[in-house]
Each structure stands twice: as structure tokens, then as C-alpha cells.
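Trainee: I would like to learn how to read pockets and backbone angles in a protein model. Could we go through an example together?

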Amino acid sequence: MRKEAIIHYIQDQPYVYGYEILAENPSLIKTLEDDFYVFKSNILLLKDIFDKDKVYHFNLQGRTILNFEKDVLNLIKNSPYRDNVVIELLENDLNSKELDGVFELFSKESIKVSLDDFGTASSNFDRLIEYKHIVESVKIDRILWKNMLGVVGEILKFCKDNNIRVICEKVETKEELDSLFSVGVRYFQGWYFKKIKVRESKEKAVLTREKIAQLSKEAYDITAKYNSNLNYDEFLENLRLLLLSHDLDIKFGSEEFFKLKDLINQTQDQPAKDLNFYFVDKSITALKELKANTLYKIKELKNLNSSIKKIILESKNDTLFNVIRSLDEYIKFLQQKVIELESVSSKVKGSDFYQRRKKLLREELLSRFARFKKDKDSFFVGCIYLRGLFEEANSGNEIPLYDMQKILEKLSGQLKLFFGENALVIQTEDFMVNFVSEKVNEKMLSSLQDKINKQEFTVKGKPVNLKAKVCVVKPSESDENFEDFMLRLEMNMYEMKFY
């Protein structure tokens, strides 16, 4: 999920009024089904960023609303955040009758809308007045306000009389902001607001160490996504810039990211001098030192244990036996601490790990797809979503790395029993396992799902039901190319996670 801030000036001070929620990969949205699934996943992910004092704009094609009318309404109505959800509509996306139907639909359910690219030839002021009780805002594109500032003033006056906000998009400079300010505009979006300090709310924002740790993890995830060979030193070098781009809602690797990078390089006030970034470096150093010290302590204790064990065992002294037991338990305790430290590290480096796994799976599927196209040599790629583990983690119960490894080993063994030792079994996400096989049928899938869900698995010594969901995708003659096949696979994975 990407988001772009919507800025509101209050007494000449910029604040974040809300966010426009954007698709991670807009180029992949080729059908109405794609558009709906992206909307659905973003609505469900809203809980991760929700702030009751903000509004959240979601883009949705008019045709998608008409084709998935019931599903769209249910998603919004059943969302705990429905009062903060605004649907962005393009007036020229539908004919006049169809658009009136969408407005009537949303009006009955009191769902708020924002009209994008308002002020064009297709804009209907009568419709705006009729449905002003659900129109939260109108958006004016750069082309209009840049060339027809007087028209913006007229739209602003009309909307102010009807209690509708006017948001001007794609503001890039201070001069453009001042120009819009002169006609009364107070709501904005654009690159300019990623270069200046904008407060989240009227209260002073506090960047806690916990928040820094969270941003550090996300910074590494984003960095690793663009460089599979990334090492820890490169991460430290890029961390400051990534943290800054995260706070400014700039996607790593985007055009805006490189503009920001150039801007920082041109200034003497480097982010490294900021106290927040100092804490990040100190935390990372402390983590590395703690792990090194713990490993050293285990090594020393093991040497001590080996040296005295023979003497203690020969003495047959109960007290000394207890010493040995305590020493063994302490070593196990320290080993568990190292596993936990590695678990923290895996969260930081996890994206890099999964990127390599996904690349391996993609290469295998690309090779098989080529054989399918040439020789009709079919195959199946399966997806197993471990919903039980997701729910466990989502409830705040962290899953130790050791337990996760045991579950995956057991699961891998079951899959190889079903599909043969040569079957490729690979974990591609935290709670998603993929497998590739040549022979799969509905009976096998049903049997596999039942078998997994009846198995006993434990997390922190307590039994947990994996609640596994299993599905398969196979290549089709309708797949014009490999990307079509991969898109169907990704959509199936989305369905498993969000249905």
C-alpha cells in the first residue's frame, strides 16, 4: 500500500488532513477484477495505518463499482473505518445516467465521495448540489489551476457555499502554492509538500525509539526489494535517507525519491546530524554487540561445561549434578536468546530472504511455462496460506523463529510425501508456502488441506491450528505470456489472504 498526503493549511501552518491510498503496482491493474482486488486489499490493510483524525481516499473505477456493486458496498459498510473512507470518482468514467446511479447508490448508504479532475467539460454542478451531503471534496488537476486560476476561484466560491473542500493536485513549488493561496485554496497534494516539514496533527509529533525501530525494519525491506545483493553496511548507509523518505510518504526508487536524494545532497544540513538518526545507529550497534556477546558467552560456557563435566559426573555429587543441570539450562536459555536475536534480524533482512525465494520460484515457473507453450507439458503451482499463524501473529503473539522452522520442516515433509521428493517446496512470504508439481487433483488438495489442519503444531509450547487454505494454478492457453500466468497466480494468493 502506498499513500500520498493531502495537506490542509490552518493559520498558515501545513497539517496532514488525510491520505490518498495508491496501488503498489498500478501497471498490473489491467481488468476490473484487478481494480476491485486492489481496492479490497487496501481497505483491509487500512488498519495498519489508521488514524481516526484522518480521511482516506480510495481510487475506484466507475465500471468496477457497477460490476462489483454488492461487494464494494459490503466492504465499505462493514469496515470499522467507514466514516473515514472516501471514494474518488472520475465524472467522465461513466455516462451521465450511470454516474447518477452510482451517486444514488452511495447516497443511500451515506458513503462519501470525492470528484477527481473537477472543472473539466464533463463536470456537472447540478449533480454536485444534489449530492453535496456525500461529496467530501473535489480535486482540481494541475493543468486546470495552472492555466485558469480564475476558474479555480469560482469553483472555490461555489464549493465553499456548499461546504465542499477543494483540493489542488500536483503542486511542485512555493510560487505555485502562493498563487493558489491568493485565491483562497487551503487543501493541496503534490511534490512540494514532501520537501517541507508537515505536521501529522496540531499536536507536536514525537518520534519514539519504537517508531524508529519500525521504520528501520521497513527501510531495510524497501531497500532489499531493489537490491538482492544488499549487505548490512549498505543498509546502514541508506537508512537515513530511507527513514526520511518514509516520513514524507515517498516510495523508494520512485522519481520523487531521487529528487529528494539530490535535494539532500545539495544541502549542508544532512539528516545524519539529526538526533533521531543517531538513536537508530546506536540501536543497530547495540543489537550487533548484544548478539556477538551472547554468542561469545555460549562459547565460553560450552568450553567450561566440557572441561568440568567429566569431573562432576565421576564425583557422583548431587550438588554438582545440579550445577551441571543449571549450566546446561543457562546455555539453552542463551541459545534461545540468540534465536530471538536472529528472529529480529530476520525481520530486518526478511524481505531480502523472500526476494531470493520468489526469484527462485519465478525462474522455475518461467522454465516450466516455456515448456508448456512449446510441448504442452503442463504443471501446477500450489499456494498454502497458513491463516492460523497469521492470526496468532496478528494478535500480538510473536512466533519464535525456532517454532516457525519446525512447522515449515514438518509441512515440507508432508508436501514431498504427497507430490514426490522432486517437488519444489518454497516459502515466499511470512505465512505463504508455494509448491510446484506435475500431478495435482481436487481430491489430493482436499486430502492435503485436511491432513495439514489435523496435524499438531506448537507455538511457544501451546498447540495451534494452522487453518491452512490450499489452492493451485496451472497454465492456460488463454495466457498470452508468462506475466499473464503470474498475474493469475498473484490474484489467487490475494484471494486466499483476504477472502
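Mentor: Gladly; we will look at a pocket and then at two loop residues. Keep in mind that this is a predicted model.

Trainee: How is empty space found, and what volume does the second largest pocket have?

Mentor: Rolling a probe the size of a water molecule over the atoms reveals where empty space remains. Here, the second largest pocket has a volume of about 440 Å³.

Trainee: How many residues line the second largest pocket, and which lie nearest its centre?

Mentor: Its lining is made of 20 residues, and A23, I29, D35, N59 and L60 lie nearest the centre. Two or more lining residues come from each of β2 (13-22), α1 (32-45), β3 (55-59) and β4 (85-90). The largest share, 4 residues, is given by α1.

Trainee: How do the lining residues divide into nonpolar, polar and charged?

Mentor: In the lining of this pocket, 11 are nonpolar, 3 are polar and 6 are charged.

Trainee: Now the backbone angles. Where is K376 found, and what is its phi?

Mentor: K376 is in the loop between α13 (318-375) and β9 (380-386). Its phi is near 60°, a positive value in a residue other than glycine.

Trainee: And K467: in which loop is it found?

Mentor: Look between β13 (462-464) and β14 (468-473); K467 is in that loop. K467 has a positive phi of about 50°, although it is not a glycine.

Trainee: Is K467 buried, partly exposed or exposed?

Mentor: The relative accessible area of K467 is 41%. Partly exposed covers the range between under 20%, which is buried, and over 50%, which is exposed, so K467 counts as partly exposed.

Technical notes
Residues numbered from 1 in each chain as written. Predicted model: local features only at pLDDT ≥ 70, side-chain atom pairs only at ≥ 80, totals over all residues. Heavy atoms only, no water. 1 Å grid on protein atoms, 1.4 Å probe; cavity = no way out; pocket = protein on both sides within 12 Å on 5 of 7 lines; lining within 4 Å. Points joined across faces, edges and corners; volume = space filled by probe spheres on them. Nonpolar A, V, L, I, M, F, W, Y, C, P; charged D, E, K, R; others polar. Buried < 20%, exposed > 50% of the residue type's maximum accessible area, 1.4 Å probe, protein only.
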